[in-house]
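Hello,

I am handing over a structure for you to look at. My notes on it come after the model.

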Amino acid sequence: MNDYKKVTIKRYPRLAKRTTAENQYWKRFKDPVIIKEYAAIQSICFSAARPHDFAVSSSTRVQIFSPHNNSLKKTISRFKDVAYGASFRPTDGKLLVSGCENGVVQVFDLGSRAILRQFEGHRRGTHVTQFAPNGVQILSASDDATVRCWDLAVEKEVFTLQAHEDYVRAALVSQASPTTWVSASYDHTVRLWDTRSASCIM
């Protein structure tokens with residue numbers, strides 16, 4: 001039997017660090033700031049009005065953060081279940097609308113965090129809410145396969161859009177044509193709506 005022969009490990013000199021213009025450029029960047037939530041984040045929305053805060057829907061609360069230093073400005077926790085799809089009123093950013101797993105659509109005054117309106121009609125979780133550009137009407141889309149329009153001033157449902165056959169998890173109001181809404185569902189369809197006639201046009 002041959003004697004064990006130890007392997008010699010070769011050691012190489014370390015290369016000297018080179019400072020280049022590119023290295024200097026990348027060193028100027030700081031590490032990203034991470035905002036840690038303790039539950040799944042359902043949605044994020046920026047306000048169109050100054051100072052352009054952003055809302056994070058997570059668990060049973062919506063948190064408002066400053067975009068300048070990522071500091072927490074407000075917490076809205078008046079939900080009985082998971083909060084979904086919070087968004088700001090585009091005209092002034094002073095109101096916030098949000099859906100909930102219990103189907104209720106709520107409108108909050110961001111100054112006092114008080115509930116201004118509660119719209120009940122959806123039978124399942126409401127995952128999408130959005131103000132129309134006029135700041136008066138509200139879109140909501142739900143797991144009950146409907147898209148609904150609510151009037152903030154008179155506090156009632158204006159109409160219900162029904163054509164989907166499964167959860168509606170995406171919906172949007174056109175900024176160029178506010179009477180045109182679009183929605184997408186787990187039924188693999190995208191629907192285009194004309195709110196003047198409350199009908200599906202595609």
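Below are the findings, from the whole chain down to one residue.

This is a predicted model, in which local features need pLDDT of at least 70, side-chain atom pairs count only at pLDDT 80 or more, and totals for chains, interfaces and linings use all residues. Residues are numbered from 1 along each chain as its sequence is written, and side-chain values use heavy atoms, with hydrogens and water left out.

The protein has one helix and 16 strands (DSSP runs numbered from the N terminus: helices are H or I with at least four residues, strands E with at least two). Its C-alpha atoms fill a box of roughly 90 × 45 × 35 Å along the principal axes. The radius of gyration is 25 Å, against near 17 Å for a compact globule of 202 residues (taken over C-alpha atoms; the globule rule is 2.2 Å times the number of residues to the power 0.38).

Of the 202 residues, 39% are buried (buried is under 20% relative accessible area, exposed over 50%, partly exposed in between, with a 1.4 Å probe and protein chains only). Contacts are heavy atoms within 4.5 Å; among those between residues at least 6 apart in sequence, 34% join residues at least 24 apart.

One residue in detail: Ala114 lies in the loop between strand 7 (105-109) and strand 8 (115-119). Ala114 counts as partly exposed because its relative accessibility is 26%. Beyond its neighbours within four places in sequence, Ala114 touches Arg78, Val107, Phe108 and Asp109. The C-alpha atoms of Ala114 and Ile76 are 8.9 Å apart, with their positions 38 residues apart along the chain.

Regards
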